[in-house]
Amino acid sequence: MKIQKILNILTLLTGAIAVTATSLWIGKQAYSWLPPQAAAESQLIDNLISFLVTLGSFIFLGVTSTLMYSVIFHRAVKDDFSDGPAIEGNITLEVVWTAIPILLVFWIAGYSYQVYEQMGIQGPSQLVHLHNPLGIESAYAAAKDSPDTALAEPVEKIDVLAKQWAWVFHYPEKDVTSTELHLPSDRRVRLALNSQDVLHGFYIPAFRLKQDIIPNHAIDFEFTPVRPGQYRLTDSQYSGTYFATMQANVVVESPEEYHQWLSQAATQKPSPAKNQAASEYAQTSNQSVQTGWATVPPAAPPLVNSPG
């Protein structure tokens, strides 16, 4: 009997180690499921997703392994149709399986909220105490004790205007307007987000950044691009008929290339930018067959120095 108990304990320990190791491995693989980390803040979200995948894998593998073990080693013998033992309840077991999920939920909620605060995402509580432009605490990449002051302080401020259906970016330093967002790599950036009409969402998947833009409110949003390349900005909120066309290129380049582009764009005269929503609306308006559905006309294409 003692030998059987020892074997059961060893089997339980071996299974727990195998499930834990496998879950940790699956959690590590979650990093490869996501786009490249193009902003310093990306690490926060990736770590959170890896944690959730690891925890979910542990629960799934643990429950599945327990069921399989029970089916294989504790099944009734052939032709045994007798009833099992009458077990009316186990208070200790019920308390344990209720307490563990509650603790896990609090753990996940606490970790998620910590990431939420470090990312500097604006929520309803900030809007209740609205005064003048909403300020955001520096996100994770701009730690106060960072020796690199270039990362700790915003070095570039860019005005972002969202409207149906276009993104317009204004660079006050050179008074340049563009429909393509250019950012210096490894430098702190502060965006002043504004909406001209309805609710929009500023979302760059490669940066793991998403911020709702509220009409009649200016929202300051900070982050630090770290990976040169071209990425995609989309509207994460449904903002009307042509919201799917409301996309823009995000170009992250070295500070030297960024200022070179800025100086070059400042020499160009403003001209109407290409606007897919306006083009599609014009084609629909010229069709001989009208659907009869009311459609919001897109805003006029913005005048920009650099159309992108």
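Visitor: How many salt bridges does the count come to?
Guide: First, a heads-up: this is a predicted model, where local features need pLDDT of at least 70 and side-chain atom pairs count only at pLDDT 80 or more, while totals for chains, interfaces and linings use all residues. Residues are numbered from 1 along each chain as its sequence is written, and side-chain values use heavy atoms, with hydrogens and water left out. A salt bridge means a side-chain nitrogen of Lys or Arg within 4 Å of a carboxyl oxygen of Asp or Glu. Going by that rule, the number of salt bridges is five.

Visitor: Which residue does R188 pair with in a salt bridge?
Guide: Side chains of opposite charge can pair when their charged atoms come close. For R188, the closest N and O atoms are 2.9 Å apart, and the partner is E41.

Visitor: How many residues apart in sequence are R188 and E41?
Guide: Helices (H or I, at least four residues) and strands (E, at least two) are DSSP runs, numbered from the N terminus. R188 sits in strand 5 (residues 188-195), and E41 is in the loop between helix 1 and helix 2. The pair therefore ties together parts whose separation in sequence is 147 residues.

Visitor: Is R188 buried or exposed?
Guide: Buried means under 20% relative accessible area, exposed means over 50%, and partly exposed is in between (1.4 Å probe, protein chains only). Its partner E41 has 0% relative accessibility and counts as buried. R188 is at 0% too, so R188 counts as buried.

Visitor: How far apart are the closest N and O atoms of R208 and D46?
Guide: R208 counts as buried at 10% relative accessibility, and D46 is buried at 2%. These two form a salt bridge, and their closest N and O atoms are separated by 2.7 Å. That pair links distant parts of the chain, 162 residues apart, with R208 in the loop between strand 6 (200-204) and strand 7 (209-213) and D46 in helix 2. To repeat the distance you wanted, it is 2.7 Å.

Visitor: Which residue forms a salt bridge with D212?
Guide: D212 is partly exposed, with a relative accessible area of 27%. At 36%, K210 counts as partly exposed as well. The closest N and O atoms of this pair are 3.6 Å apart, and the partner of D212 is K210.

Visitor: Which residues do salt bridges with shared partners join into one network?
Guide: We've met two of the members already, in the pair of R188 and E41. The full network is E41, R188, R190 and E222.

Visitor: What is the volume of the largest pocket?
Guide: On a 1 Å grid over the protein atoms alone, a pocket is an open set of points where a 1.4 Å probe fits, with protein on both sides within 12 Å along at least five of seven lines; lining residues have an atom within 4 Å of a point. Its lining has 22 residues, and L12, G62, V63, S65 and T66 lie nearest the centre. A volume is the space filled by probe spheres set on the points, which are joined across faces, edges and corners. For the largest pocket, that comes to about 810 Å³.

Visitor: Which helix gives the most to the lining of the largest pocket?
Guide: Helix 1, helix 2 (42-73) and helix 3 (91-119) each supply at least two lining residues. With nine residues, the biggest contributor is helix 2.

Visitor: Which strand gives the most to the lining of the second largest pocket?
Guide: This pocket holds about 370 Å³ of space. Strand 2 (166-171), strand 10 (247-253) and helix 7 (276-285) are the elements that give two or more residues to its lining. With three residues, the top contributor is strand 10.
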